[in-house]
Every structure is written in C-alpha cells, then in structure tokens.
Amino acid sequence: MDAERNRRKAGRHLSFSLYGAANRMIRLHKPFLAPLGLTFPQYLVVLALLDDTPCSVGALGARTDMDTGTITPLVKRLQAAGIVTRTRDADDERRVLVDLTPKGRGLEAEVRAVTGKIKSACQLTDRDMDDLSHTLDALARAAQE
C-alpha cells in the first residue's frame, strides 16, 4: 500500500513541479519580452519563424506545439503589430503562409538574446540547458505516444 501511495505522490509532485516550472519560466521571460512588445507565445512564434520562413500556419503550430485555435489568433495579433505577414499559398489557396516583416526581422538579435538572459537568470550552463531540453523533449514525446 505504501509503494502505491508513494507512486501517486511522486506523480502528483511531478505534475505540480512541471506546472510551477512552466509558470515561473513564462514569468521570467516577461521583463525581457515586454520591451519587444511580445507575449511569451508570440516570442515562441517569432523564434520559430526566425529559423524558417515562410511557414504555413499548420507547420508553425506543429513547431510551437500550439493548436490552430491558439496559433491563428496569435498570428493575427502579430500581423496587426506589423511583425508578420499572412498570405495565401499560391500553390494551395487553403494554406496560409506566415513570414516575418522587416520589422519582425529587426527583432532577431533581441529575440535571440532572450535565451542567454534566461540561461543567466537560471544560472544554467550550456550542458544544463541541453540536458534539461532533452529531458523535457523526451517527456513530451512519451506523453504523445
């Protein structure tokens, strides 16, 4: 009975730990993103677009792990802010392609610098960040299977 209780307790603690860590990380990003006029989810989208554009809304959602109901309004807000463009794909008019505007590209250095600021704030080494990323990616993959 104690073994089962300990397993339930460990599972609960993992859930609380992950939830708390995610919330703390989002809050930690806020002072770095506020001067850029970006929310945390918008930052993730811009970061993804800096690596590969243009990108379909569906592919962008897959890369950021956001569903269509989340990514579409987020991209529309980025468009209203002049950071991205949305255009119909000439080869498939059902698809919408998202690209960075010159203003969005102009944010690249500042957006990419956020990672270093977070690393420093969390007192993580490059190795720590890689290990943590691999652990979280493996956990996410396992949860999807």
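## Getting to know this model: salt bridges, sheet and surface

The side chains of D51 and R112 meet in a salt bridge, with 3.0 Å from N to O; a salt bridge here is a side-chain nitrogen of Lys or Arg within 4 Å of a carboxyl oxygen of Asp or Glu. The pair links distant parts of the chain, as D51 sits in helix 2 and R112 in helix 6 (residues 108-121), 61 residues apart.

Before the exercises, a word on the model: it is predicted, so local features need pLDDT of at least 70 and side-chain atom pairs count only at pLDDT 80 or more, while totals for chains, interfaces and linings use all residues. Residues are numbered from 1 along each chain as its sequence is written, and side-chain values use heavy atoms, leaving out hydrogens and water.

### Exercise 1: The overall plan

Find how many helices and strands the protein chain has, and in which pattern they follow.

Step 1. The protein chain has 7 helices and 3 strands. Helices (H or I, at least four residues) and strands (E, at least two) are DSSP runs, numbered from the N terminus.

Step 2. Along the sequence, the pattern reads α-α-β-α-α-β-β-α-α-α.

Step 3. Taken along the principal axes, the C-alpha atoms fill a box of roughly 60 × 35 × 25 Å.

Step 4. Of the 145 residues in the protein chain, 25% are buried. Buried means under 20% relative accessible area, exposed means over 50%, and partly exposed lies in between (1.4 Å probe, protein chains only).

### Exercise 2: The sheet

Work out the order of the strands in the open sheet, and which strands are at its edges.

Step 1. The open sheet has 3 strands in the order 1-3-2, with antiparallel pairing. Two strands pair if DSSP finds at least two bridges between them.

Step 2. Strand 1 (55-56) and strand 2 (84-88) are the edge strands, each pairing on one side only.

Step 3. Look at strand 1 and strand 3 (residues 96-100): 2 bridges join these antiparallel strands. C55 has V98 in strand 3 as its bridge partner.

Step 4. Now add helix 2 (residues 40-51), which lies across strand 1, strand 2 and strand 3 and runs at about 90° to strand 3. Axes are lines fitted to C-alpha atoms, for helices over the stretch in contact, and angles run from 0 to 180 degrees between N-to-C directions.

### Exercise 3: Charged pairs

Decide whether D51, R112, R95 and D89 are buried, partly exposed or exposed.

Step 1. Start with the pair from the opening: D51 is exposed at a relative accessible area of 55%, and R112 is partly exposed at 34%.

Step 2. R95 forms a salt bridge with D89, the closest N and O atoms being 2.8 Å apart. R95 is partly exposed, with a relative accessible area of 38%, whereas D89 counts as buried at 8%.

Step 3. Salt bridges that share partners also join D51, E108 and R112 into one network.

Step 4. Another pair to find is R63 and D52, whose side chains meet at 3.7 Å, N to O. R63 lies in helix 3 (residues 57-64) and D52 in the loop between helix 2 and strand 1, so this salt bridge ties together parts that are 11 residues apart in sequence.

Step 5. To finish, the structure holds 7 salt bridges.

### Exercise 4: Two buried loop residues

Find which residues L36 and T101 touch, leaving aside those up to four places away in sequence.

Step 1. L36 is found in the loop between helix 1 (2-33) and helix 2, and is buried with a relative accessible area of 12%.

Step 2. L36 is in contact (heavy atoms within 4.5 Å) with L107, E110 and V111. L36 and L107 are 71 residues apart in sequence, yet their C-alpha atoms are 7.5 Å apart in space.

Step 3. T101 has its place in the loop between strand 3 and helix 5 (102-106). T101 is buried, with a relative accessible area of 12%, and touches G82, I83, V84 and T85.

### Exercise 5: A nonpolar patch

Identify which helix supplies the largest share of the nonpolar patch.

Step 1. L14, L18, L132, L136 and L139 form the patch on the surface, with about 400 Å² of accessible area together. Patches are made of residues with over 30% relative accessible area and no salt bridge: like charges are joined within 9 Å, nonpolar side chains (Val, Leu, Ile, Met, Phe, Trp, Tyr) within 5 Å. Accessible areas come from the Shrake-Rupley method with a 1.4 Å probe; for residues, only the protein chains shown count as cover.

Step 2. Helix 1 and helix 7 (126-144) each supply at least two residues, and the largest share, 3 residues, comes from helix 7.
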